[in-house]
Amino acid sequence: MTLIDTLFPLGWQHYLLGGLTIGAGVALLYLFNGWVGGMSSVFSSSWSFVSKRAFFQQARFVGTRNWRLVYALGVVLGALVWRLTLADGEAQHTSVPAWQLLVGGFLVGYGARLGNGCTSGHGICGLGSLQLPSLGAVLTFMATAFMTANLMAIFTKGLA
């Protein structure tokens, strides 16, 4: 078994297709409208519909929430199209327990707020527009991910 087969047991082609599609979508959104399509902004602007807290009522969220909801709907519909056409209608599953997904979601949300954007926003939109702070954020994200993955590998081997 090669390294590629080990890293991508289901193949690498759909990862490439997904990356190219996301990159093209974000680039077209910016080129045609001047809009940056980061997902943490989509989340915050969506909350502006239901929360009257001052943070969510900022003009940058209230003024962009309509197109951001359409953008988010496009992401969801894109995943549905992928599932129906390329995944033969089968849902993808994980063996990670729900409580770990929930804790991870809260940590990622906190980190996105702390880092002024999520990994996709900094990695796709920020690097794509040559933003130096996004380069620092992406390098921090990657270093943390590498460290966490290696620590988890060491920790789980010690328990086995």
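## Close-up views of an all-helix model

**View 1. Ser44, a buried residue in helix α3.** Ser44 is buried, with just 1% relative accessible area. We're looking at a predicted model here, so treat each view as a prediction. Ser44 sits in helix α3, which runs over residues 39-47. Who are its partners, once neighbours within four places in sequence are left aside? Ser44 is in contact with Phe55, Phe56, Phe61 and Arg113.

**View 2. The whole chain, for orientation.** Step back for a moment and the protein chain shows 8 helices and 0 strands. Follow the sequence along and the pattern reads α-α-α-α-α-α-α-α. The C-alpha trace covers about 50 × 35 × 30 Å along its principal axes. Of the 160 residues in the chain, 19% are buried. The accessible surface adds up to about 12,000 Å², and carbon and sulfur atoms account for 72% of that. Take the contacts with a separation of 6 or more: 42% of them link residues 24 or more positions apart.

**View 3. The largest nonpolar core.** Which residues make up this core? There are 7 in all: Val26, Leu29, Val42, Trp67, Tyr71, Ala72 and Cys125. Helices α2 and α5 (65-85) each supply at least two of them. The top contributor is α5, with 3 residues. Zoom in on Val26, and you'll find it in contact with Tyr71, Ile124 and Cys125, not counting neighbours within four places in sequence.

**View 4. A nonpolar patch on the surface.** Now for the outside, where Ile4, Trp12, Tyr15, Leu16 and Leu20 form a nonpolar patch. Together these residues have about 540 Å² of accessible area. Which helix gives the most to the patch? That's α2 (residues 13-33), with 3 residues. Trp12, another patch member, is found in the loop between α1 (3-7) and α2. Trp12 counts as partly exposed because its relative accessible area is 42%, which falls between the 20% and 50% cut-offs.

**View 5. Gly23, also in helix α2.** Stay with α2 a little longer, since Gly23 is part of this helix. Is Gly23 buried, exposed or partly exposed? Its relative accessibility is 31%, so Gly23 is partly exposed. Gly23 and Met39 are 16 residues apart along the chain, and their C-alpha atoms are separated by 14 Å.

**View 6. Helix α6 and the residue Asn116.** Helix α6 covers residues 98-114, a run of 17 residues. How far apart should its ends be? At 1.5 Å a residue the helix should span 24 Å, and the end C-alpha atoms are indeed 24 Å apart, so the two agree. After α6 comes Asn116, with a positive phi near 55 degrees. Asn116 has this positive phi although it is not a glycine. You'll find Asn116 in the loop between α6 and α7 (119-128). Asn116 is exposed, at 66% relative accessible area.

**View 7. Leu130, in the loop after α7.** Here's another residue that is not a glycine but has a positive phi: Leu130, at about 60 degrees. Where does Leu130 sit? Its place is the loop between α7 and α8 (132-159). Leu130 has 75% relative accessibility, which means that it counts as exposed.

Terms used. Residues numbered from 1 in each chain as written. Predicted model: local features only at pLDDT ≥ 70, side-chain atom pairs only at ≥ 80, totals over all residues. Heavy atoms only, no water. Patch = residues over 30% accessible without salt bridge, like charges linked within 9 Å, V, L, I, M, F, W, Y side chains within 5 Å. Areas by Shrake-Rupley, 256 points an atom, 1.4 Å probe, with all protein chains shown as cover. Salt bridge = Lys/Arg side-chain N within 4 Å of Asp/Glu carboxyl O. Helix = DSSP H or I, 4+ residues; strand = E, 2+ residues; numbered from the N terminus. Buried < 20%, exposed > 50% of the residue type's maximum accessible area, 1.4 Å probe, protein only. Expected span 1.5 Å × (residues − 1). Contact = heavy atoms within 4.5 Å. Core = buried A, V, L, I, M, F, W, Y, C linked by side-chain atoms within 4.5 Å.
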